[in-house]
Structure formats: C-alpha cells, structure tokens
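Please open the model in your viewer and have the selection tool ready, since each stop on this tour begins with something to select.

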Amino acid sequence: MPEHANLLRRHRAVMPSWMALNYRDPIEIVGGEGSRVTDAEGNSYLDFFIGILTNMLGYGVPEVRDAVERQLATGVVHTSTAYLLRGQVELAEKIARLSGIPDAKVFFTNSGTEANETALLLAAYARRSDQVLAMRQSYHGRSFAATGVTGNRGWTNLSYSPLDVHFLHGADRRLPQFAGMSDERYIDVCAQDLRHVLATATGGDVAALIAEPIQGVGGFTMPPDGLFAAYKRVLDEFGILFVSDEVQTGWGRTGQGFWGIDAHGVTPDVITFAKGLGNGFAVGGVVARGDLMDGLHAAGISTFGGNPVSMAAANATLDYVLDHDLQANAARQGRTIIGGLSAAAGRFPIVADVRGKGLMFAVELADPRTGEPSPPLAAALMEAARERGLLVGKGGLYGNVVRMAPPLTLSDDEAAEGLGVLIASLEAVNETAVAGGRGPTARREEA
C-alpha cells in the first residue's frame with residue numbers, strides 16, 4: 001500500500017469520524033514558505049485558507065521563527081501562570097491598548113473555544129444570569145457552552161446547554177421576510193426583534209450577547225455595518241454585556257478596522273481572540289473591562305495559556321502586523337479579489353453571492369436550475385481549485401459556501417494569481433453544472 005494511502009487508513013482507524021478531511025483525496029502538508037505549501041507528493045499550492053485562518057503571516061516567517069528559537073534556547077518551554085511571564089505581560093499590554101476597552105485586562109487561553117467559554121463565564125457571573133443572546137448561523141466553538149451559543153445545527157450535538165440561549169436575526173438578510181429591505185430598514189427591524197425577544201422569551205436579567213462581526217463557519221455572512229451599534233443601544237438599556245467574538249475577524253483581517261466590530265462604531269465589553277495571533281502556535285484569550293475580569297471570586301488559571309513559547313510567537317506576530325501595516329494590505333488585496341470575483345460572478349449561474357471584507361471573502365454556490373443551496377457544487381469548486389494549485393475552505397449554514405482567508409502578507413502577484421485560479425475553477429464547475437453534472441459529496445471542516 002502506498003504510504004499516503006496507508007496514512008489515510010491509519011487516520012481513519014484512530015481519529016474520530018466527525019473530524020472530517022478536505023478533498024476526495026486528502027493531502028498531507030509537509031512544507032511551507034510564504035503563502036505557499038507543499039504536500040507529501042511534492043505538489044505546491046497557494047494557500048487561501050492557511051490552517052483555517054491561523055497562519056496569519058503565512059509560513060516560514062523569520063521574525064516568528066527567531067522569536068520562538070530564542071525562547072527555546074533558554075530551556076524554558078513552560079512555567080505556568082504561577083510565575084511572572086514577561087512575554088505574557090508584554091503581549092497583554094499591547095492587546096489591552098489595541099482593544100479600546102477602558103481599563104482592560106487580558107486572560108490567555110489555548111484556543112478560541114476556551115476564550116469564548118471564559119467570556120461567557122465572566123458575563124454570567126457578573127450578571128448572575130445563565131441567559132445569553134447569540135446570532136442565528138453563528139459558531140463559537142466545540143465545547144459544551146460554546147456549542148450552546150452556536151446557531152448552526154450542523155455543529156450542535158445536543159439539544160440542551162448549560163446556558164439559556166435565545167438566537168437573534170442579523171446575519172440572515174437573504175431570508176424572504178427581509179427581501180428588498182435597505183440596510184437601514186433591516187437594522188431597524190432586527191433591533192425591534194431584539195426588543196421583542198427580551199420582552200417575550202427571556203426571564204429578566206440577560207447576561208450577554210455574543211456575536212461574530214463576520215460569521216466564520218456561517219460562510220462569512222455578516223450584518224450591515226451599524227447593526228451592532230443598534231443592538232448595543234438596546235443592550236445598554238438593560239445592562240446586558242456585549243461580547244465580540246474576534247477569533248476570525250481580529251488583527252486587521254477585514255481591512256476595515258483592527259477588529260471586525262470597528263465597522264459598527266461600538267466598543268464591546270469583552271473581546272475574544274485566537275487563531276492568527278500565534279501564526280500557528282496555540283494561543284487564544286479574552287480582553288475585557290477590568291471590573292469584569294477581576295469580578296470572579298474563585299481562583300483560576302490556564303495551565304498552558306500564556307506559555308512562554310506561544311507568547312514569543314504571538315508577540316512577534318502582532319509586532320509584524322503592526323510594523324508592516326497589514327490591515328492596509330488586507331484592504332488592498334481584498335479589493336482586488338472581491339472586486340474581481342464580483343465582476344465575474346454574473347457569468348456563472350452557479351454563483352448565488354460573492355461577499356467579504358479585506359482578506360476574508362466567500363463565494364456561495366447554488367443549483368443553477370432551482371436556486372437551492374448546493375453543497376456538491378461547493379465541494380466541486382474546492383476540488384477544481386486544488387487541481388489548479390489553490391487551497392480554499394468551506395462553510396455556510398448548508399455547506400454551500402467556499403470561504404477564503406489568505407495570509408495578511410499576500411502580495412499583489414499572489415492576489416492576481418489566486419483570483420485567476422478561482423475564476424478558472426468557477427468556469428469549469430459552472431460548465432459542468434449547467435450541462436447537468438453533479439459535484440462530489442460535500443464535507444464539513446473544523447472551524
């Protein structure tokens with residue numbers, strides 16, 4: 001048996017079946033440099049999904065590698081938070097300053113799931129309530145409470161939760177009941193719906209609203225700018241806290257602001273973050289008002305959260321983002337790609353929508369005959385792009401959205417190359433679909 005096939009067999013024998021792999025013939029990535037990776041068969045790919053938005057600067061970044069190697073050379077990989085950690089303090093100071101949250105404090109975790117769990121704990125404790133508001137089509141992690149605030153049945157295993165959760169409209173304006181509404185009217189209707197939910201479905205003191213400024217697993221669906229400002233005006237009347245889940249939208253990726261929530265002109269009470277901050281090293285965290293962070297009465301630690309190696313990588317990554325103004329690069333390259341896809345979309349009946357901000361964009365696929373969401377066409381587009389040397393991801397409520405988030409360091413030439421591959425792939429898939437063909441069976445992917 002070839003080694004690649006043998007590795008796949010071994011994977012399926014010992015890994016859970018719900019931990020799906022991309023592509024009909026899954027690949028093993030063994031090398032990377034800049035925006036490109038190489039698989040075990042020697043094939044090279046331009047990577048537009050970077051470990052699900054995690055390798056924010058791309059691969060083989062000398063500044064990050066050198067910082068990690070300097071820390072490893074000390075012999076100290078871990079001490080725990082029972083000791084002073086210089087890198088942790090330095091990174092917390094930067095994030096507190098960048099958050100815009102008054103008197104901010106930071107707690108580090110290992111992942112976005114853990115970060116959201118911590119944020120929900122802070123809010124529930126502060127408000128003495130288990131009631132939480134979340135968004136339809138959202139995703140906040142794979143743990144018990146995080147799946148409870150996930151508004152996507154494909155990622156929720158249980159019908160019960162430690163939280164009493166109520167889901168809001170706001171990122172679903174393509175539903176028939178909102179058809180034809182202007183941004184202003186849609187925002188007004190959603191704010192009225194929030195008031196109605198508070199008056200009818202809740203039992204009093206709600207702890208928080210948790211929301212992604214752009215929904216990741218939801219297929220990069222997003223509300224119009226200003227919706228969360230309208231929500232926050234209502235929340236503030238009732239003392240309800242606002243948690244912005246920036247696990248995918250943080251660090252300038254949208255090009256419109258350093259945080260995704262900046263587009264709405266509000267400062268949340270809590271921001272959660274993870275993914276790109278460590279450029280591949282495990283790091284997540286929460287930045288919140290000091291009174292909220294200090295409010296918990298019980299002792300708490302994160303054994304591996306804020307460890308010296310991850311802090312070295314994260315400090316170097318964040319410094320690189322700021323020193324090279326990668327937010328501006330995200331805006332520039334996003335205009336090239338999103339603009340090019342939007343201009344080409346009219347030629348392809350399979351394209352239901354092109355959307356995104358900065359280097360966070362998506363193509364939604366639909367059956368050209370019925371207009372229904374088409375997971376097979378999304379899977380076919382993924383395969384077609386891979387055949388042409390481009391790696392992309394998938395998401396959406398129905399699994400019919402190809403979503404992409406290249407490194408923030410993406411060059412002009414790489415943006416043009418990726419756009420060309422995407423258009424060529426759409427041409428191939430569209431031709432087959434219009435002729436009556438079908439794509440391969442869709443797969444899920446980890447958020």
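The tour goes from a core, through two groups of strands, to a helix. Keep in mind throughout that this is a predicted model.

**First stop: the nonpolar cores**

Select Phe48 and Ile95, the residues with the most contacts inside the largest nonpolar core, which has 102 residues. If you then colour helix H10, residues 308–323, you will see the element that gives the most to this core, with 9 residues. The core draws at least three residues from each of domain 1 (3–60 + 325–435) and domain 2 (64–324). Apart from this core lies another one, of 21 residues, and you can find it by selecting Leu120, Val132, Ala145 and Val149, which are among its members. In soluble globular proteins, nonpolar side chains tend to be buried together.

Which residues does Ile95 touch, leaving aside those up to four places away in sequence? Show its surroundings, and you should find Val106, Phe108, Trp251, Phe273, Leu277, Val287 and Leu318.

**Second stop: strand S9**

Phe273 leads on to strand S9, residues 270–273, where Val270 and Thr272 point one way while Ile271 and Phe273 point the other way, and all of them are buried. Now add strand S8, residues 241–245, which runs parallel to S9 and is joined to S9 by 3 bridges; here Ser244 has Ile271 as its bridge partner. Strand S10, residues 284–289, runs antiparallel to S9, with 4 bridges between the two, and Val270 stands opposite Ala288 in S10.

**Third stop: an open sheet**

Next, select the four strands of the open sheet, whose order is S11-S12-S15-S14 and whose pairing is antiparallel. Strand S11 (351–357) and strand S14 (393–395) stand at the edges, and because each has a single partner strand, one side of each is left without a neighbour in the sheet. On average, and ignoring direction, neighbouring strands of this sheet are turned by 25 degrees against each other. Zoom in on S11 and strand S12, residues 360–365, which pair in the antiparallel sense over 6 bridges, and look for Val354 opposite Val363 in S12.

**Last stop: helix H13**

Finally, select helix H13, residues 412–434, and ask how far apart its end C-alpha atoms are. At 1.5 Å a residue, its 23 residues should span 33 Å, and the end C-alpha atoms are indeed 33 Å apart, which agrees. Among the buried residues of H13 are Glu414, Leu419, Ile423, Leu426 and Asn430. After H13 comes Gly436, where phi is positive, near 105 degrees.

Notes
Residues numbered from 1 in each chain as written. Predicted model: local features only at pLDDT ≥ 70, side-chain atom pairs only at ≥ 80, totals over all residues. Heavy atoms only, no water. Expected span 1.5 Å × (residues − 1). Buried < 20%, exposed > 50% of the residue type's maximum accessible area, 1.4 Å probe, protein only. Pairing = 2+ DSSP bridges. Axes fitted to C-alpha atoms, helices over the stretch in contact; angles between N-to-C directions. Core = buried A, V, L, I, M, F, W, Y, C linked by side-chain atoms within 4.5 Å. Domains from an automatic or database assignment. Contact = heavy atoms within 4.5 Å.
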